Amino acid sequence: MERTTKISHLLVALCIVSSTRAFTSASSDVHAFLGCLSATIPCNLVKTPGTNSYSELLMSSVQNLRAVLPGTTRPVVIVAATEPAHVQATVVCGRRHSVRIRTRSGGHDYEGLSYASLDPHEHFAVLDLAKLRAINIDAPRSEAWVESGATIGELYYAAATANQTFGFPAGYCLTVGVGGHLSGGGFGALSRKYGLSADNVLDAVIVDAEGRLLNRTTMGNDLFWAIRGGGGESFGVVLSWKVRLVPVPETVTVFSIRRSRNQSAVDLISKWQLVAPVLPRDIYLHVFVQNQQADFIALFLGRCGRLIDTMRRYFPELGMTQQDCQEMSWMKSTVFFAFNTANLPVEVLLNRTNADYFLKVKSDHVQEPLPRHAWESIWSKWFEKPEAALVMLDPYGGVMGRISPLATPFPHRNYMYQLQLFSSWSENGTAALEKRLSWVRGVYKDLTPYVSKNPRAVYVNYRDLDLGTNVLEGNVTSYEKARVWGEKYFKGNFKRLAAVKSKVDPKDFFRNEQSISPLPAAKG
C-alpha cells in the first residue's frame, strides 16, 4: 500500500515536470493548477507550451489566424478532455488556483476568444472539447443527444443517416462546433421553418462554476434559458445538448442563380429585401455578394415544380427556370450550401479540417429595406475594390417572427434580414490587415443610416470586439461598461442574462473580453 502511494506521487510529480518543461515564466498558481490537474487527468491530455504537441493542439481548430499572431496571449494549459470528469476537474482546479477557463468546441469564435486573450498578463487554460463529440440519435422520439465538440456537419450526417427525413436547423459552415453554435442561437436555412438551433434544444448538461454536473432540471429554468442563445461560456461549460430533430422531405430543391451588376444585380437585391422575409416558410432564399456578383441561393422543402410556381408569383424578376433546379436529399443540400456545389460526397460533412486564413467580420440587422440608391452607392464605392469582402444577406420571417424575443436570449426575431460582412484573407502583414479592416469598417460605417438603431443590433455568434470589451471593477466585470456591447447583442435580454450570471457565477470565474457580467446588487 505504501509502495503504491509512493509510485502514485512519483507519477504525479513526473506529470507536472513534463507539463511545465520550458515553462518558467508562469506564476506559482499555474504550477499548482497543473499539480491539481495531474491528480485526475492523464498527463497526455494536459498540454503546456513546454510539451511537443501543444502548438499542434492549439492550432487544431483555430479558425482566425489574427487571434494567434505573434504577441497574442496564448493559454498556459490546454486540456483535451475526453470525459465529463476531466471538465469538472479543470473547473475545480481553476477556481482553486485562480486560473480562468476558456472553452473551445469548434474554434469558430470570430475574435478567437475561445483560445486567446487580449490581456498580456492573463494566465488562462483552454478546455478543448473536440474529443467530446458523441452523437446519439433516438429515432423513435426524433431526438438526439449531441456533445459540444461535435460539428454541425457531423450532426447533419448522423441525423440524416439515421433517417433521411431527419434534419436540424443550424448553419451552413460545417466545421462549426455544436457547443458554440447552439449557445449563441444558431441560424441557418431551416430557421424560417423551425426557428433557431436554440429553439430546438430540449435539455443540456453543464458543468457550473462549482464543478457540478447539472441538467435542465437541476440547473433551473433561468440558466437553461441563458445558455440557449446567451453564450454558454459565460455560465459554465456545456458538455452536451438534447435536441429536437425536425422533419424534412425525402427530396428537397436548391438553386443558385448568379447575376452581375449589368444583369440588374442591384435591382434584384433591392427587390429581394421585400420578397425573402415573406416567402412561404418552406423557402429560404439568401444572397451572397462577392466578386462583383450577387448569388441568390435557395433551399425549398419540396420539389422543383412547386418552387418554380412560387418564385414566379413572388419574385419573377429573378427569372428562375426549370434548368436552375437541383433536386436532392436534405443531407446533400447541406453540402450544396456549404460549397455551392452538390458534386461532392456527403462524407465531406465529417471533415473537421480548419480553415487557414485571417478574418474580420461585422454584422447588422435590417428593419426597413435599404433604398436602391444606397445599394448602388455601396456597390460603386466598396464592392468593386480588390479587397472587397463577402457580404451575406440572410432572411428572417416565417417562424422566426412568431417566437417571442424573450423566449431565448436571442432578441432579433422581428427584423427583415441579417447582414454580414465577412472578410477573409491569406496574406500576412500589417498592410493586408489594415486594408481588410478598413474595408469592413468602412462599409459598416456607410450602412449606419439604413440599419437597426438604439441599439444597433448584432448577432452574438458573429462576435465583434469593435463594439467594446469588458472592464474590471474590483474582481468582476463592470455591468455598466458591458452594456455598451451587450445590449447590441441581446437588447433588453442583457439585463436578465446578467441577473442569471450573478446567480450562477457571482465571482465571475467564467469570463472573457465579451462575457456576460454579473448584475450588481440593488442598492437600498
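**Reading a predicted model, feature by feature**

Visitor: How many contacts beyond four places in sequence does the model have for residues 1-14, where pLDDT stays under 50?

Guide: Just two. pLDDT is the predictor's confidence in each residue, from 0 to 100, and a contact means heavy atoms within 4.5 Å. Residues 20-25 also have a pLDDT below 50, and that stretch makes 12 contacts in the model beyond near neighbours in sequence. The protein as a whole averages a pLDDT of 94, with 94% of its residues scoring at least 70.

Visitor: What ground rules apply here?

Guide: This is a predicted model, so local features need pLDDT of at least 70 and side-chain atom pairs count only at pLDDT 80 or more, while totals for chains, interfaces and linings use all residues. Numbering runs from 1 along each chain as its sequence is written, and side-chain values use heavy atoms, leaving out hydrogens and water.

Visitor: At what angle do H15 and H16 pack?

Guide: Two packed helices are described by the angle between their axes and the distance between the axes. Here H15 (residues 479-490) and H16 (residues 493-504) pack at about 125°, their axes 8 Å apart. Axes are lines fitted to C-alpha atoms over the stretch in contact, with angles from 0 to 180 degrees between N-to-C directions. Helices (H or I, at least four residues) and strands (E, at least two) are DSSP runs numbered from the N terminus. That angle makes H15 oblique to H16; under 35 degrees counts as roughly parallel, over 145 as roughly antiparallel, 65 to 115 as roughly perpendicular, and the rest as oblique. Among the residues in contact are Tyr479 and Trp485 of H15 and Phe494 and Leu497 of H16.

Visitor: And how do H13 and H14 cross?

Guide: The axes of H13 (residues 372-383) and H14 (residues 430-447) come within 11 Å and cross at roughly 165°. That makes H13 roughly antiparallel to H14. The contact includes Trp382 and Phe383 of H13, plus Trp439 and Val443 of H14.

Visitor: Which backbone oddities should I look up?

Guide: Most residues other than glycine have a negative phi, and most peptide bonds are trans. Ser142 has a positive phi, near 55°, and sits in the loop between strand S5 (135-138) and strand S6 (143-147). Asn454 and Pro455 are joined by a cis peptide bond, with omega about 0°. Pro455 belongs to the loop between H14 and strand S19 (472-473).
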